[in-house]
Every structure is written in C-alpha cells, then in structure tokens.
Amino acid sequence: MDLGLKGKLAVITGGSVGIGLAIAEGLAAEGANILIAARGGDRAKAEASRIASSFGVTARGIGADVATAAGCDTVIAAASELGGADILINNAGTGSNETIAEASDEKWQYYWDLHVMAAVRLARGLVPQMKAHGGGVVLHNASICAVQPLWYEPIYNTTKTALMMFSKTLANEVVGDNIRVNTVNPGLVLTPDWVKTAKQLAGEDGYKAHLQGVADEAGGMKRFASPEEIAHFFVFLSSNKASYSTGSTYFVDGGWLKTI
Ligand code: NDP
C-alpha cells in the first residue's frame, strides 16, 4: 500500500526517544524526510543520522526546547531550511505529579507552555509552510488522561484536554487549506521512561511486576502498547489514506477508556 508519504517533510517534536522516535521511524520507513526536535540535541542528532542511514531518507536532529518561543522558532527555521514542513507531529510532553492544593503557578505555566503553547507556536510557523505546499497534516499526541484523569497528575490532565480542544479549533481554521488536524490519545505505552520509573519504585527484580500491576489496574487488554503500536496510527493519519479525517480524536488505549 502506497501511503503517499515519499519525499514529504515530517517535523516530530520529542522525536528522539519513545513514541516520537517510533513515529519518526514509521514515517521514514514510508519514505518521508524527518526533522526531529528535542532539548537534548546530541540524542536527536544521533537518532536522525541512524534513521537517515537505515531508511535512505534525509533526517536532521536539532536541539530545541519547544516549551519556549525561541525553541519553536528554531524548529520553524530548520523546517524552512529543509524546504518547508508537510507534516507536524506535536508529541513532546511529559507526565506530572502534584496536587492542585500544592502545585505552583510556575509548574502550571511550564506544562501549559509545553503541551499547548508549543502546538500554538508551531502551528503559527509551520502551517504557512504547509499552505505553500498546497496542504499538510498536523497531529497532536495528547493522552487518554485528556478525558479520563489520573488522580496524581491534574496539570497533565488539564493541559492535555486543552491540547485536544486546540486541535479541534485548528482543524476548523485550516480545513479550507487542505490541512488535516487530528489528535491521538494513547493509553499505556511502554517507553524507556516508564521502565526507569518502575525500576526506581520497585527495583530490578520487581519492576516487571510493578508494570503489570499498572496494566492490570487499567483493565482492557491489561498490557502496555509498544511505541510502534501507537506510531502505526500516526503514520496512517499522516497519510493520504486518512484523507477524509480531520477535527477528530482517536483513542489507542487497549480498551482502558471507561466510557463510549
Ligand atoms: P518520552 O519521555 O519517552 O520522550 C519525550 C520526548 O520529548 C523526548 O524526545 C524528549 O527529549 C522530548 N521533550 C520533552 N520535553 C521537551 C521540550 N521541552 N522540548 C523539546 N522536546 C522535549 O515520552 P513518551 O514517548 O512516553 O511520550 C510522548 C508523548 O506521548 C507525550 O506527549 C506524552 O504525554 C504522550 N503520552 C505518553 C504515554 C505513555 O504511556 N508513554 C501515554 C499517553 C500519552 P528531551 O528530553 O531531550 O527534550
């Protein structure tokens, strides 16, 4: 099946590890050129050069903090140098751990900047590049927590809900420009970060049981997804095969969502 991605430029924030890296690899496997942005520029560059040699595409890694306006400008300029973006994957993000009673304004602001303002600023800079190409795709990696909150991360839950609404309203704004905008809400995805945290909590001997306990509590399939299982969805939504899909949110959560 030809997904029509050959030669497109895909910008993936947080593309140096985890779900973002799996998306970058999935798109590169379909012939897309890749721009990876992460704070850690060395890791982004190393992964980009591995992707370039594995898949025979152009791939560039840059150091940029997308929680800042300057970091977003760096991404927009790099995409322009590579000929302009066709696909933007807003994936950079991270969980939180706090109570509303105790979390500071600064913490709320940081997550707002990372999960929402990055998407706003990158849309402002990259949508014009897509328009110049006659169309494009913007995808947001939110979370099941955008609609089904976890008790220990109110800031994460709230900012991911805002990202979902941003995605919907951006979709409405650019629908006439042949730009499709959607959100994916993953459930549990086994990234190196989950493994690291589980090892810290339960030790080398106990971390697998700890992770299984988390999956059992979620229910549904009672297992974590691999990053690739989420990436396949992003690759499909990036492609022409999803040409009638815009303004939607898709759950990829192994049945964890408790509502219809
Ligand atoms: P990881 O922690 O594995 O990777 C996060 C990526 O984002 C890294 O490349 C990191 O690189 C980058 N990043 C983090 N902060 C910034 C920043 N300020 N500017 C630029 N890049 C940044 O995350 P996951 O793969 O687990 O998660 C990816 C997305 O998926 C997140 O938005 C997360 O909320 C969402 N998600 C994850 C789930 C899961 O179970 N794993 C479930 C549901 C949603 P660096 O540190 O070098 O900046």
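**Exercise 1. Find out which residues Thr 159 touches in this predicted model, and decide whether Thr 159 is buried or exposed.**

Step 1. Skip anything up to four places away in sequence, and Thr 159 touches Tyr 111, Trp 112, His 115 and Val 116.

Step 2. Now place Thr 159 itself: this residue is found in helix H5, which runs over residues 154-174.

Step 3. Pick out His 115 from the contacts, since the side chains of Thr 159 and His 115 are joined by a polar contact of 3.0 Å.

Step 4. Check the accessibility. Thr 159 has a relative accessible area of 2%, so it is buried; the cut-off for that word is under 20%.

**Exercise 2. Work out which backbone atom the side chain of Gln 129 reaches.**

Step 1. Start with the location: Gln 129 lies in helix H4, residues 105-132.

Step 2. List the contacts, leaving aside neighbours within four places in sequence. Gln 129 is in contact with Ile 76, Ala 79, Ser 80, Gly 84 and Ala 85.

Step 3. Look harder at Ala 85. Its backbone nitrogen lies 2.8 Å from a polar atom of the Gln 129 side chain, and that's the atom we were after.

Step 4. Finish with the cover: the relative accessible area of Gln 129 is 11%, so this residue counts as buried.

**Exercise 3. Describe helix H1: how many of its residues are buried, and what span does the helix have?**

Step 1. Take the length. H1 covers residues 18-29, 12 residues in total, and it reaches 17 Å from its first C-alpha to its last.

Step 2. Set that against the expected value: at 1.5 Å a residue you'd expect 16 Å, and the helix comes close to it.

Step 3. Go for the burial. H1 is mostly covered, with 10 of its 12 residues buried; among them are Ile 19, Leu 21, Glu 25 and Leu 27.

Step 4. Step just past the end of H1, and you meet Gly 31 with a positive phi of about 95°.

**Exercise 4. Explore the surroundings of the ligand: which residues come nearest, and what kinds of residues make up the shell?**

Step 1. There are 30 residues around the ligand, and the ones that come nearest are Ser 16, Arg 39, Asp 65, Asn 91 and Tyr 156.

Step 2. Sort the shell by type, and you get 15 nonpolar, 11 polar and 4 charged residues.

Step 3. Ask where they come from. H1, H4 and H5 each supply at least two residues of this shell.

Step 4. Turn to single atoms. A ligand nitrogen is 3.0 Å from a polar backbone atom of Val 66. A ligand oxygen sits 2.9 Å from a polar backbone atom of Val 189, and a polar side-chain atom of Trp 194 is 2.9 Å from an oxygen of the ligand.

Step 5. Wrap up with coverage: on its own the ligand has 890 Å² of accessible area, and the protein covers 90% of that.

**Exercise 5. Compare where Asn 178 and Lys 222 lie, and look up their phi values.**

Step 1. Asn 178 is found in the loop between H5 and strand E6 (179-186). Its phi is near 60°, a positive value in a residue other than glycine.

Step 2. Lys 222 lies in the loop between helix H6 (192-218) and helix H7 (227-238). Here phi is near 55°, again positive in a non-glycine residue.

Step 3. Add accessibility. Asn 178, at 52%, counts as exposed, while Lys 222, at 43%, counts as partly exposed.

Note on methods
Residues are numbered from 1 along each chain as its sequence is written. This is a predicted model: local features need pLDDT of at least 70, side-chain atom pairs count only at pLDDT 80 or more; totals for chains, interfaces and linings use all residues. Side-chain values use heavy atoms; hydrogens and water are left out. Helices (H or I, at least four residues) and strands (E, at least two) are DSSP runs, numbered from the N terminus. The expected span of a helix is 1.5 Å times one less than its number of residues. Buried means under 20% relative accessible area, exposed over 50%, partly exposed in between (1.4 Å probe, protein chains only). A residue is near a molecule or strand if one of its heavy atoms lies within 4 Å of it. A polar contact is a pair of N or O atoms within 3.5 Å; within protein, one must be able to donate a hydrogen and the other to accept it, and residues adjacent in sequence count only if both atoms are side-chain atoms. Accessible areas come from the Shrake-Rupley method with a 1.4 Å probe; for residues, only the protein chains shown count as cover. Ala, Val, Leu, Ile, Met, Phe, Trp, Tyr, Cys and Pro count as nonpolar, Asp, Glu, Lys and Arg as charged, and the others, Gly among them, as polar. Contact means heavy atoms within 4.5 Å.
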